[in-house]
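Student: I've got this model open on my screen and I'd like to talk it through with you. Can we start with its pockets and then look around the rest of the chain?

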Amino acid sequence: MEKVIRILHLEDNDSDSKLVQAKLKKADVKFDYFFADNEADYINTLNNKEIDLILSDYHLPDYSGSDALLFAKNNFPQIPFVFISGTMGEDVAIESLLNGATDYVLKNKIERLVPAVYRAFNEADVKKAQVKAEKELHKLSLAVEQSPNSVIITNMEGIIEYANQATLRLTGYSSHELIGKNPRIFSSGEKSEYEYKALWKTIGSGKEWKGEFHNRKKNGELYWESATISPIFDDIGNTIHYLAIKQDVTDSKLLNLELIAAKEKAEESDHLKTAFLHNITHEIRTPMNAIVGFSSLLKDPDLTQDQYDHFSDLIIQSSDQLLSIITDIVSIATIEAGQEKIAKNNCNINALGALINRQCSFKAKDKNIDLSFSSHLADDDANIITDETKLTQILNNLVYNGIKFTSRGHIKFGYTLNNKQLEFFVEDTGIGIPTEMHEEIFKRFRQVESTNTRKYGGSGLGLSISRAYVELLGGKLWVESALGKGSVFRFTLPFRQVSADVSQTKITASAPVFRNVNHKILLVAEDEDSNFVLLTYLLSGLNLTILRANNGAEAVEICHSNDIDLVLMDIKMPVMDGYEATKQILRFKTGLSVIAQTAYSTEADRNKAIACGCCDFISKPIKKDLLISLIFKHLKVNLPINNFNGNIST
Ligand code: ADP
């Protein structure tokens, strides 16, 4: 034996100690020898030295061998213990063995010492290895049992033999419910037979399978697992079990799915924006082409009066078209920013329907289509509270679409009343819309035809604006249609009726009182020369004195030194903007009417101007009729337009 054995010998007799050492040396046993002849030395040595073997006398003067054995077994059970005694009877020897002694050697048979030492030492070695292996096994089984990943062991037929705590926690099954079952107990039914066969083929051929399962817990909830399944081999390489190690990846999988959906949405929105830009460019350039082209032709001295009138009409028509596209784009941006507000007022829906009917009848006549409006209520009962401007935009858009997409037949529009709900309809006998596009066309920029060969103009914004407006007004908008069979667009609105008396009283109360006063002084604050020239031209039929300020600061100055009756205030101007100028002017001219006139056109812009003290708001491009009616209203004058010439000073 090569190893040095560290021996503790408990013995009171010095010559016995020497005898033992001599015997061991003679047999070439390599050892370190520690001697103790009393209890204290014995315990001290065990506590402080690494001891491989204890040899002990049975009878000692102040201590007994059986106590020494007891102490060793209680505190150092792995150290073999051999008695060497001259007087040990057979009974005592057997009892000692039962109490844990490894062996005993009688002093008169001391030749047994060396084999006894070797045997005790070897047995201790084996025991140590066993203890070590048990510890390792215990450690491994704890690791598997407490692993955060699911671990399942099956037999060769795939029947579950073991499932760790993580599996039970994740799936909600008890160990008892899983043992003896097939792992398909977790199946959500999404994996195909083909995929399961491929899995078995892989592990059946001794290889590892990696993949994902979308499984179901005991409570029916679905979860995602990333799994590695591999065969467990015996010493000679035969598969004896299968081991599945699985990780719950539900969170990351869901995050991944969300990311993919967001990416697809972003790509779609990108695609839609590109299509939008493409369309918008086309829609803007088309009227611009007519405006630019015909404007330059107006200078031609050889034009006949008819040609001149025709070209002017085309310019006006194209300008209106351009303005409506720009208005749509602004509306979409305002809706998207969540800033679209509704302004509820009294609206007579019969009067509104009749007006739209009149306005659209020219277009319908051009295409030889019958256009008709039918009302459901008597005129006096048709006063409701709603946002009249938005309702007009919605109906206009639907009726114009009807005319655009119909080549023969009719357009009928109107409303009915069911259960306190108004249901408006616009019915046409046009090209119709395929079922799969019934929802799509309400999305921004979506058109049934989106190719370059598009037959019908349009930006694809009208219906999404209309739906947003209907929803803001508390209703729903949808379409019923079949390809080639015409369409019916329907929308609901809450029926909030105003009694005829109330609407009448209101109109009387708010009607302006006109007085006949001449030579009013109007200040136009406008930095753009072309806009100023246009305004003075539009107002040239009125007997007004018009002063000009080139910026807000000049407007304040002029109001200080002149008796101004009304201000037309541009908003975006150099030096001082119109908001600030209005505020400063109203500090010393309380009650002066300031009308904001601006290319800013949203509800928010209007609100801001009113908050600064403006009495009204008109957006560019300015329509002559509207401008003059506002001036009349706020000057509270009654001027016969045709009898006056503008008296302009700049
Ligand atoms: P635009 O008319 O400017 O294209 P809309 O948002 O108003 O935009 O309409 C979107 C699409 O819905 C149209 O391009 C067309 O394909 C379809 N559509 C709308 N109204 C009708 C209708 N009355 N008949 C057939 N198709 C229609």
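Student: How do the residues of the lining of the second largest pocket divide into nonpolar, polar and charged?
Tutor: Keep in mind that this is a predicted model. The second largest pocket has a volume of about 600 Å³, and 18 residues line it. Sorted by type, the lining comes out as twelve nonpolar, three polar and three charged.

Student: Which residues are the closest to the centre of the second largest pocket, and which helix gives the most to its lining?
Tutor: Closest to the centre are Ile-315, Ile-316, Ser-319, Leu-534 and Ile-622. Helix 9 (250–297), helix 10 (305–336) and helix 15 (529–538) each supply at least two lining residues. The top contributor, with eight residues, is helix 10.

Student: Between which domains does the second largest pocket lie?
Tutor: The chain is split into domain 1 (5–140), domain 2 (146–276), domain 3 (280–336), domain 4 (345–494) and domain 5 (506–649). Two of these both give residues to the pocket's lining, so the pocket lies between domain 3 and domain 5.

Student: And how far apart do the C-alpha centres of domain 1 and domain 4 lie?
Tutor: Domain 1 covers 5–140 and domain 4 covers 345–494. From one C-alpha centre to the other, the distance is 107 Å.

Student: What about enclosed space: which residues line the largest cavity?
Tutor: There is one cavity of 30 Å³ or more, and about 40 Å³ of space lies in the largest cavity. Strand 13 (383–386) and strand 17 (487–494) each supply at least two residues of its lining. By type, the lining has four nonpolar residues, one polar and two charged. The full set is Lys-344, Ile-385, Thr-386, Leu-473, Leu-493, Pro-494 and Arg-496.

Student: Let's move to helix 2. Where on the helix do its buried residues fall?
Tutor: Helix 2 spans residues 39–48, and its buried residues are Tyr-42, Ile-43, Thr-45 and Leu-46. Looking down the helix axis, these sit within an arc of 160°, so they line one face of the helix.

Student: Which exposed residues are on the face of helix 2 turned away from its buried side?
Tutor: The buried residues pack against strand 1 (5–10), strand 2 (31–36), strand 3 (53–56), helix 3 (65–75) and strand 4 (81–85). Turn the helix around to the face pointing away from that buried side, and the exposed residues there are Ala-40 and Asn-48.

Student: Is Asn-396 buried or exposed?
Tutor: Asn-396 sits in helix 12 (residues 388–404). Leaving out residues up to four places away in sequence, Asn-396 touches Ile-356, Gln-359 and Cys-360. Its relative accessibility is 18%, and since the cut-off is under 20%, Asn-396 counts as buried.

Student: Why does Leu-592 count as buried?
Tutor: Leu-592 is in the loop between helix 17 (578–588) and strand 21 (593–598). Beyond its neighbours within four places in sequence, Leu-592 is in contact with Cys-559, Ile-564, Asp-565, Leu-566, Val-567, Ile-585 and Leu-586. Leu-592 counts as buried because its relative accessibility is 10%.

Student: How far apart in space are Leu-592 and Ser-481?
Tutor: In sequence, Leu-592 and Ser-481 are 111 residues apart. Going from C-alpha to C-alpha, the separation in space is 55 Å.

Terms used
Residues numbered from 1 in each chain as written. Predicted model: local features only at pLDDT ≥ 70, side-chain atom pairs only at ≥ 80, totals over all residues. Heavy atoms only, no water. 1 Å grid on protein atoms, 1.4 Å probe; cavity = no way out; pocket = protein on both sides within 12 Å on 5 of 7 lines; lining within 4 Å. Points joined across faces, edges and corners; volume = space filled by probe spheres on them. Helix = DSSP H or I, 4+ residues; strand = E, 2+ residues; numbered from the N terminus. Nonpolar A, V, L, I, M, F, W, Y, C, P; charged D, E, K, R; others polar. Domains from an automatic or database assignment. Buried < 20%, exposed > 50% of the residue type's maximum accessible area, 1.4 Å probe, protein only. Contact = heavy atoms within 4.5 Å. Arc of directions from axis to C-beta.
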